[in-house]
Amino acid sequence: MLAISARAQPPIDWHLADPETSEFNGIALERLEQALGQQAGQQEVIVAILDTGIDPDHEDLRGRIWINEDEVAGNGVDDDRNGYVDDIHGWNFLGGPNGENVVKTRLEVTRLYARDKAYFAGKDPERLSRKDRKRYEAFLEYKEVVETEREKVRTQIEQYDTNQEIILAALDAFDRQHPGQELNAKFLQSFDPGEDQYLQIAAQIFNQAVQFGATFASTDELRTEIIRSLDEARESVVGKVDYWYNPDFDPEEIIGDDRTNMKERYYGNNDTESSYAFHGTFVAGVIGARSDNEIGGRGICNNVKLMSVRMLGDGDEHDKDIANAIFYAVDNGASIINMSFGKGYTWDKKTVDKAVRYARKHDVLLVHAAGNGSINNDLEPHYPIRYFEKSGLFGKKEADNWIDVGALNLEQGKHAIAPFSHYGKKSVDLFAPGMMIYSTAPDDSYEFSSGTSFAAPVVAGVAALIRSHFPGLTAQQVRQILLDSATPIEGQVIKPGTDTMVDAHELSISGGAVNAYRAYQLAAKTKGKKKGRKQGTQQRA
């Protein structure tokens, strides 16, 4: 808590710096802008943000939010006859017809567990068919994961409560011994707790505050910060018990669709912001926040429109919603889709594969966050993934319009890869800045945040910039350009989640980091293969 509250903030645009002339793992956008001067892209690019929703009125996103010109706002009529009424800025697949929205959701493994728990209720495991035996084995895995994780979370809650009691008791003991004492540097350096157990704990807290550069004038300030931080942490953990790992929790009933009908397309509402829009708004700012207004941070591509397709809550996304969100984005003109989400299990991969193939057919680039658990995606897939479940004898085995993005730390050298980032020699394409990124948050606010969720839109922003300047390039060409122009991550780096030193090529396909300047130079030398965008159609097989 002290580390987070007192961490020195980096420059808000560190991720745009040139890695060759600065200490940061930036994308060299500033170098590209200097080279281009006032030269703008040839074509406006629509980037669909499949996420929690976007604040369309944010001061730093004005003029950047996609507007469906074929729809009349607020008239309750599907003017463009695309199946979605009043979809002015996009669509919300987690909304009900009466305006309610789903926010808290279960994890996919919990949904699978709940489904199969009902299926196998009353059945004798010893008398199952061969097909059901295989399904039953999977059910037992789901059951173990859900029940084990739920018990871990309950233990965490108890630990938070115990820790808070001990810490506050220690500060109370200090106040009795030193009433009204100012916590200045001179006092903290000379403070001797003696043999008192609680005063020793108080001394440890003070030492940590000094170590992380935190300053608190009094124990009252320190107590307030500790209570606030612990309450926030406890609340997030409680949510895992109540929602993530609760098989009896089913909030999707308010949507009104049949969650098991994967062919159903038209449900939801037009509230593309909702009350849970931080994540999506942040992603939007990374890609397209204004760079000409001297407020907030800076986006990567100026010639962009941001389409909000809400399909993500506090939990795992549904495969049905992922697929429908992709279909919607493609049909409404997106040429890049950012997908800053993922999960360890999949409900119906074939349905998502169908949507990915649809995006490929219509020349749409898919940019996906690799994940935040320090996991090897080659061994443990982070769904959705580029690989198709079944492709036939001559069909594509994987999507070549797909980019998976891991996260970079600020500093170069052995710590270059963010310690939380997923990786994969065969499954993660490249890395991008994802630690302490500064971007837009709801209600005209701004924050620093970290995650591969925010590395992905860095790549999506660079891809949008390339597609804006070179509209003749296909999605496959843009993907290859980004990989071939990546800045090599030199020397060995720490493998996330371990102390092992490895070559960066062991962690990604390219072994490098996205570089806007180099990507532009390579794109300028590449002959476009695009023959004209095939427009989406509502008549899908």
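In helix α8 of this predicted model, the buried residues are His-279, Gly-280, Thr-281, Phe-282, Val-283, Ala-284, Gly-285, Val-286, Ile-287 and Gly-288. That makes 10 of the 11 residues in α8, which spans 278–288, so the helix counts as mostly covered, buried being under 20% relative accessible area. As for what does the covering, the buried residues of α8 pack against a mix of strands and one helix: β1 (45–51), β3 (304–310), β4 (336–339), β8, β9 and α11 (452–469).

Two of those partners, β8 and β9, belong together. Strand β8 covers residues 437–441, and strand β9 covers residues 445–449. The two run antiparallel and are joined by five bridges. One of the pairings puts Ser-439 opposite Glu-447 of β9 as its bridge partner. The strands make a hairpin with three residues between them, and in that turn Asp-443 takes a positive phi of about 65°. Like α8, strand β8 is mostly covered, with five of its five residues buried.

The α8 and β8 story carries over to the empty space inside the protein. Rolling a probe the size of a water molecule over the atoms shows where such space is left. Searching the whole structure turns up two cavities of 30 Å³ or more. The second largest cavity holds about 30 Å³ of space. Its lining is made up of Asp-60, Gly-285, Ala-289, Gly-297, Arg-298, Tyr-438, Ser-439, Thr-440 and Tyr-446. Gly-285 in that list is also one of the buried residues of α8, and Ser-439 is the residue bridged to Glu-447. Strand β8 supplies the largest share of this lining, at three residues. Sorted by class, the lining comes out as three nonpolar, four polar and two charged residues.

The largest cavity encloses about 40 Å³. Around it sit Asp-319, Thr-346, Lys-349, Val-352, Asp-353, Tyr-383, Pro-384 and Ile-385. Helix α10 (residues 349–361) is the top contributor here, giving three residues to the lining. By class, this cavity has four nonpolar, one polar and three charged residues around it.

Thr-346 turns up again in an open site. The second largest pocket has a volume of about 460 Å³. It is lined by 14 residues, and those closest to its centre are Arg-115, Arg-135, Ala-138, Tyr-142 and Thr-346. The elements giving two or more residues to this lining are α3 (108–120) and α4 (130–177). Of these, α4 provides the largest share, six residues. The class breakdown is six nonpolar, two polar and six charged residues. Thr-346 thus has a place in the lining of the largest cavity as well as a spot among the residues closest to the centre of this pocket.

A word on confidence. The chain averages a pLDDT of 92, and 95% of the residues score at least 70. There are low-scoring stretches, though. Over residues 1–7 the pLDDT stays under 50, and the model gives this stretch 16 contacts beyond four places in sequence. Residues 533–541 also stay under 50, with 23 contacts beyond four places in sequence.

Note on methods
Residues numbered from 1 in each chain as written. Predicted model: local features only at pLDDT ≥ 70, side-chain atom pairs only at ≥ 80, totals over all residues. Heavy atoms only, no water. 1 Å grid on protein atoms, 1.4 Å probe; cavity = no way out; pocket = protein on both sides within 12 Å on 5 of 7 lines; lining within 4 Å. Points joined across faces, edges and corners; volume = space filled by probe spheres on them. Helix = DSSP H or I, 4+ residues; strand = E, 2+ residues; numbered from the N terminus. Nonpolar A, V, L, I, M, F, W, Y, C, P; charged D, E, K, R; others polar. Buried < 20%, exposed > 50% of the residue type's maximum accessible area, 1.4 Å probe, protein only. Pairing = 2+ DSSP bridges. Contact = heavy atoms within 4.5 Å. pLDDT = per-residue confidence, 0-100.
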